[in-house]
Amino acid sequence: MKRLSSALIASLLLAGSAQAQDWGNGAERRQNNQEVRQDKRELRDDRRDVAELEQVLARFDQAWSRQNEREMSSVESRLRELLRQELAESRAELEKDKNEVRRSNREVRRDRNWGRRGADDRRDRRDDVKDARVEVATLRTRLAIARELDWVMGQRNYGDLQRQRNLIAQLVDIARQEVRQTKQELREDRQERREDRRENRREASQRW
């Protein structure tokens, strides 16, 4: 009877441990899947931003060549609107990157506490920190462009028009760079998801 009770207790403890592990793995899988879905949405948004800024640049060139004041004013109004959206998106992206850095720090601490090597998590943290730094630089650049555009918008001399065109072209380049960065993040998150799956399978086999 005692042997049966001991076996039953051991079985329940083992099952509880497995359920706790499965719960943790499930939470991690959901997080990874959510990040991949979010990357895909951001990639669509980034591509849309590029197309809209390219359209503004084309309209600017056309209005300038025709010396069309009404169209130029419309272009500048649209540019202000897009720039406000870009700044808001940059701030939101920076906040997301900061949250990912905090999550990566928790994962690295968890690995240390449980005696795991955690090389993948440390690498993910380095990537997250790099992404946050890039976003900080991007936001600062956009803010500087916004300030300079405020000075030259509405001016119609050659120098100010050329400067405004150069600033719009810089915004296009930044948007294209963000498309490339989001593609890279999508690849990294997909790789992280594959690595987590392999690690979960390896831990499951060791447990049994």
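These are my notebook entries on a predicted model, covering confidence, a core and a pocket.

**Ground rules.** I number residues from 1 along each chain as its sequence is written, and side-chain values use heavy atoms, with hydrogens and water left out. As the model is predicted, local features need pLDDT of at least 70 and side-chain atom pairs count only at pLDDT 80 or more, while totals for chains, interfaces and linings use all residues.

**Confidence.** I looked up pLDDT, the predictor's confidence in each residue, from 0 to 100. The chain averages 81, and 73% of the residues score at least 70. Among the elements (helices are DSSP runs of H or I, at least four residues, and strands runs of E, at least two, numbered from the N terminus), H2 has the highest mean at 88 and H1 the lowest at 74. I marked residues 20-24, where pLDDT is below 50. Beyond near neighbours in sequence, that stretch has three contacts in the model (heavy atoms within 4.5 Å).

**Core.** Next I checked the largest nonpolar core, meaning buried Ala, Val, Leu, Ile, Met, Phe, Trp, Tyr and Cys residues joined through side-chain atoms within 4.5 Å. It holds 29 residues, and Phe60, Leu79, Leu149 and Leu171 touch the most other members. H1, H2, H3 and H4 each give two or more residues to this core.

I followed Phe60 outward: leaving aside neighbours within four places in sequence, Phe60 is in contact with Met72, Val75, Leu161, Gln164, Arg165 and Ile168. Leu161 sits in helix H4, residues 158-207. I call Leu161 buried because its relative accessibility is 4% (buried is under 20% relative accessible area, exposed over 50%, partly exposed in between, with a 1.4 Å probe and protein chains only). Leaving out neighbours within four places, Leu161 contacts Phe60, Trp64, Met72, Gln155 and Arg156. Leu161 and Phe60 are 101 residues apart along the chain, yet their C-alpha atoms are separated by 9.4 Å.

**Pocket.** I then turned to the second largest pocket: on a 1 Å grid over the protein atoms alone, a pocket is an open set of points where a 1.4 Å probe fits, with protein on both sides within 12 Å along at least five of seven lines, and lining residues have an atom within 4 Å of a point. Its lining counts 21 residues, with Glu42, Asp46, Glu93, Glu135 and Thr182 nearest the centre. Helices H1 (2-66), H2 (69-113), H3 (119-152) and H4 each supply at least two of the lining residues.

I looked at Glu93 last. Glu93 lies in helix H2 and counts as buried because its relative accessibility is 14%. Not counting residues up to four places away in sequence, Glu93 touches Glu42, Glu135 and Glu185.
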